[in-house]
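Student: I am new to this structure and would like a close look at a single part of it. Please take one residue and set it in its surroundings.

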Amino acid sequence: MAKRISIESVMRRLLSLRKARLVPGILGMAVFLPMVCHAQQGQPPSQQGSGMSGIASSVIAAPVYDEKRRPITAGGFVDKGPVVFEDITKQAGLSNWIHRMGVPEKEFIVEANGSGVCLIDYDNDGWLDIYLVNGSTFKALDGNETSPHAALFHNNHDGTFTDVSAQAGVENDRWGYGCSVADFDNDGWPDLFVGNFGKNRLYRNNHDGTFTDVAEKAGVALGNWSTGSAWGDYDGDGKLDLYVAGYVHFDRVLAEALAKDASNSACLYRGFPVNCGPRGLPAEPDHLFHNNGDGTFTDVTEKAGVEDKGPFYGFTSIFVSLNGNGRPDLVVGNDSEPNYFYRNKGDGTFEDQSYVSGLAFNKEGREIASMGIAAGDYENNGLIDFLITDFGDDYKVLFHNDGETGFTDVSYEAGIAQTAIPFVGWGDGFIDYDNDGWLDLFMANGHVYPQVDQHDWGTTFAERPLLFHNVPDRTGKGRRFEYVPPVTGTGLAVTIPARGSAFGDLFNDGKIDVVINPIDGPPVLLRNVNPDHHHWVEVKLVGGPRSPRDATCATGYLAANGIRQRQDVLASGSYIGSNDRRLHFGLGDASDPGRIEIHWPSGRKETVKLPAVDRIYTITEGVGITGELCGGKPCAEHGVAGKTAPHVKP
């Protein structure tokens with residue numbers, strides 16, 4: 001139990017933390033009280049004041065109810081319509097694992113944000129496995145109860161999964177948040193980084209179904225509170241480097257004292273007490289670690305020009321080569337603070353273009369909560385766009401890539417803003433759920449304050465996901481998104497306090513599925529059962545000697561069916577998690593899979609003709625096709641895996 005401390009000592013602690021970035025206010029804490037305003041149809045909610053306590057914008061939008069007077073966040077269901085996802089959690093064997101994070105009341109901010117989920121083929125059998133990060137409790141930290149454990153679920157190739165986390169050594173008995181997947185030692189086996197409240201884990205793959213935590217030896221354990229992480233070879237030496245985002249520098253003794261202080265009016269949501277933060281609390285800085293190639297890393301944050309000067313409250317981070325040249329740029333979503341965008345200069349350093357790029361703020365010129373980040377080319381113009389999820393009472397921001405690393409907020413024009421305002425968004429993804437060759441949008445949602453269920457505010461703690469279909473706009477020249485209503489009893493009608501989500505082809509059938517890691521509950525596996533019969537191809541990339549072995553930040557451009565699609569190999573994304581690393585391309589009704597032009601991290605460009613549709617190909621840099629799967633098994637009519645198909649060098 002924490003010792004009792006006086007208000008005077010709290011004040012001294014707060015004042016001592018001012019150097020770590022505090023905003024003036026009562027007891028040194030910022031006071032952000034909500035100002036009521038109403039959203040007009042088709043227009044963003046207006047802003048009043050400078051914000052509110054919590055992971056929130058500074059607005060309150062008019063509540064939205066369905067015809068049965070249910071809040072739209074847990075209502076709005078329809079009896080008929082397209083059935084895209086089916087909840088198969090129980091049949092798949094995932095329902096017995098439970099995520100836990102603090103107490104149900106969520107007294108402190110460490111208990112509210114939930115955890116990520118990563119898709120990882122840890123045993124290299126060609127089938128995606130699932131890693132679910134778990135939280136913890138203060139009782140567990142104090143040794144008064146067993147720590148919740150993370151879960152690694154092995155894919156059994158038959159639609160079911162088995163929890164092998166204990167045998168694999170990845171239970172992570174710490175308070176977990178984010179994870180990311182990459183082969184940091186270039187041995188051909190995926191490794192796993194886990195960000196914690198407490199020291200982090202770097203699980204090195206031992207090639208035998210087990211992992212060893214090497215974070216301390218590697219120099220990336222840190223401490224306090226790490227959230228999202230990203231991998232990319234920023235300096236072009238062929239070795240993957242690691243970026244770790246920091247959130248709040250959480251002081252438990254101080255937090256407990258503030259929670260017991262009945263006179264403290266800083267921690268309010270709509271005038272009612274909730275957990276404090278992040279605004280007004282000191283932030284935990286971000287770190288960039290250079291891979292030394294010997295199992296260790298060196299902190300090069302300041303040297304590389306990515307110093308978290310705020311510091312700001314970091315959530316999800318992504319390395320992605322915006323120019324498709326294999327040189328990864330860095331995007332960091334900051335909660336209730338400006339986002340970061342660092343452009344890779346190609347000399348081992350970055351240039352901070354957060355503000356000039358347009359990614360720092362929404363189009364109203366204000367910061368958003370920035371939980372999840374999805375990266376994808378939804379217009380098929382070769383440029384990466386970003387969807388960044390946000391708190392409720394505010395719209396989620398679609399940043400359109402205008403070229404030359406400039407972005408414009410097109411959320412309302414694209415048709416996603418108004419529908420999403422009541423929802424608190426977390427994990428998100430650009431996914432082509434119907435394989436028509438155009439990327440659609442998925443958002444997982446859930447409130448941070450369980451107290452909302454006690455009030456008639458038109459919102460709920462457990463919320464349903466949102467799906468938007470990519471369609472031509474009214475001019476026929478651009479693209480917009482069309483809301484897909486949730487059919488009762490289907491996956492889109494599942495109401496949970498969602499947090500992390502990951503997207504990938506879990507059943508090797510060419511359809512993108514969704515795994516969601518809610519807070520305080522079992523995971524949810526949404527299998528893609530969309531009735532389309534469109535064709536597709538997927539591509540696993542293997543880097544050559546001058547690229548990272550797992551080809552992180554490589555870009556593939558597939559020319560087929562009259563369009564040119566772009567996909568990137570990313571080690572992180574959504575909300576502090578990691579998706580399927582294979583490139584997925586929907587082909588519509590085309591029977592010719594076309595040619596894929598690959599831009600490798602080494603700078604090499606290579607074009608490969610794909611022989612057939614509905615296949616999962618492995619392409620190795622400088623060699624061509626070195627593997628081919630049909631339904632998760634080697635394609636017999638094309639011989640054994642390893643036979644090389646023709647490829648063309650520039």
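Student: Which residues does V494 touch, not counting residues up to four places away in sequence?

Tutor: This is a predicted model. Leaving out residues up to four places away in sequence, V494 touches D87, E463, R464, P465, V524 and L526. V494 itself sits in a loop, the one between β27 (residues 479-483) and β28 (residues 500-504). Is a residue in this loop buried or exposed? V494 has a relative accessibility of 16%, and the cut-off for buried is under 20%, so V494 counts as buried. One of the residues that V494 touches is E463. In sequence V494 and E463 are 31 residues apart, while their C-alpha atoms are 7.8 Å apart in space.

The chain as a whole gives the setting. Of the 650 residues in the protein chain, 64% are buried. The pairing of V494 with E463 spans 31 residues; across the protein chain, among contacts with a separation of 6 or more, 61% are between residues 24 or more positions apart. The protein chain has nine helices and 40 strands. The area that the protein chain exposes is about 22700 Å², with 51% of it supplied by carbon and sulfur atoms.

A charged residue can serve as a second example. E628 is found in strand β38. With a relative accessible area of 11%, against the cut-off of under 20%, E628 is therefore buried. The side chain of E628 makes a polar contact with the side chain of R615, at 3.0 Å.

Strand β38 (residues 624-630) also leads to the largest pocket, as one of the elements that give two or more residues to its lining. That pocket holds about 660 Å³ of space. It is lined by 31 residues, and the closest to its centre are D121, N124, K540, L541 and R582. Strand β31 (residues 535-542) is another of the elements giving two or more residues, and with four residues β31 supplies the largest share of the lining. By class, the lining has 16 nonpolar, five polar and 10 charged residues.

For a helix, take α6, which covers residues 252-260. Within α6, L254, A255, E256, A257 and L258 are buried. At the N-terminal end, α6 is capped by D251, with a side-chain oxygen of D251 lying 3.2 Å from the backbone nitrogen of V253.

Key: Residues numbered from 1 in each chain as written. Predicted model: local features only at pLDDT ≥ 70, side-chain atom pairs only at ≥ 80, totals over all residues. Heavy atoms only, no water. 1 Å grid on protein atoms, 1.4 Å probe; cavity = no way out; pocket = protein on both sides within 12 Å on 5 of 7 lines; lining within 4 Å. Points joined across faces, edges and corners; volume = space filled by probe spheres on them. Nonpolar A, V, L, I, M, F, W, Y, C, P; charged D, E, K, R; others polar. Buried < 20%, exposed > 50% of the residue type's maximum accessible area, 1.4 Å probe, protein only. Contact = heavy atoms within 4.5 Å. Areas by Shrake-Rupley, 256 points an atom, 1.4 Å probe, with all protein chains shown as cover. Polar contact = N/O pair within 3.5 Å; in protein donor to acceptor, adjacent residues only side chain to side chain.
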